Amino acid sequence: MNITLVVAKAKNNVIGKDNQLIWKLSADLRRFKNLTTGHHILMGRKTFESLGKPLPNRTHLIITRNPDYEAPEGHFSFTSLEGGIIFCNKIGLDELFIIGGGQIYQESIDLCDVLEITEVDCEPEGDTFFPEINPEIWKETERESFPADEKNEYPYSFVTYKKI
């Protein structure tokens, strides 16, 4: 199974504040939708709840410490990242996307094969951070940069890293 981590992060590795995104980047949301539609997406409970409802055409795998947590119909919850990964292997999944939040990224980054990062050219205050990308483990393979515009609050780059 190929595991891809998807995140938008600021230059100071901030990814959120008060369980919310902290910028308006329409291009990043479009890229996220294009990458993840039709796939299983794994996230922490707070990230799931911040979405408001399941995203269309994706199966949600929710990691929570609460063993009684009930995922919406057609989606699944697990008490550990490992439980979610085991489930994916059992059902023969080819590809899994990990979409946050901070703790899930920290626990899963070493399990991933690809990092799809939107680097946002700002340094906001936040309370949730992405871990450092270790250049001994990850090699940047693609980068596409864009200026800010009326739909994208900050300059940003789409960057792909592959495990060495």
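What follows is a short talk about strands, burial and salt bridges in a predicted model.

Visitor: What should I know before we start?
Guide: This is a predicted model, where local features need pLDDT of at least 70, side-chain atom pairs count only at pLDDT 80 or more, and totals for chains, interfaces and linings use all residues. Residues are numbered from 1 along each chain as its sequence is written, and side-chain values use heavy atoms, with hydrogens and water left out.

Visitor: Why is strand E1 called mostly covered?
Guide: Buried means under 20% relative accessible area, exposed means over 50%, and partly exposed lies in between (1.4 Å probe, protein chains only). In E1, residues 2–10, 8 of the 9 residues are buried. Strands, like helices, are DSSP runs numbered from the N terminus (strands: E, at least two residues; helices: H or I, at least four).

Visitor: How do you know that E1 and E6 pair?
Guide: Pairing takes at least two bridges found by DSSP between two strands. E1 and E6 (residues 95–98) have 4, in the parallel sense. One partner pair is Asn2 and Glu95.

Visitor: What makes E1 and E7 a pair?
Guide: Here 7 bridges join E1 to E7 (residues 114–120), and the strands run parallel. Leu5 stands opposite Leu115 in E7.

Visitor: Why is the contact of Lys11 with Asp121 called a salt bridge?
Guide: The rule asks for a side-chain nitrogen of Lys or Arg within 4 Å of a carboxyl oxygen of Asp or Glu. The closest N and O atoms of Lys11 and Asp121 are 3.2 Å apart, so the pair qualifies. Lys11 sits in the loop between E1 and E2, Asp121 in the loop between E7 and E8, 110 residues apart. By this rule the count comes to 5 salt bridges.

Visitor: Why is Lys11 called exposed, and Asp121 partly exposed?
Guide: Lys11 has 52% relative accessibility, over the 50% cut-off, so Lys11 is exposed. Asp121 has 40%, which falls in between, so Asp121 is partly exposed.

Visitor: What makes Glu116 and Arg31 a salt bridge?
Guide: Their closest N and O atoms are 2.4 Å apart, and the limit is 4 Å. Glu116 lies in E7 and Arg31 in helix H1 (residues 26–36), so the pair ties together parts 85 residues apart in sequence.

Visitor: Are Glu116 and Arg31 buried or exposed?
Guide: Glu116 is at 11% and Arg31 at 15%. Both values are under 20%, so both residues are buried.
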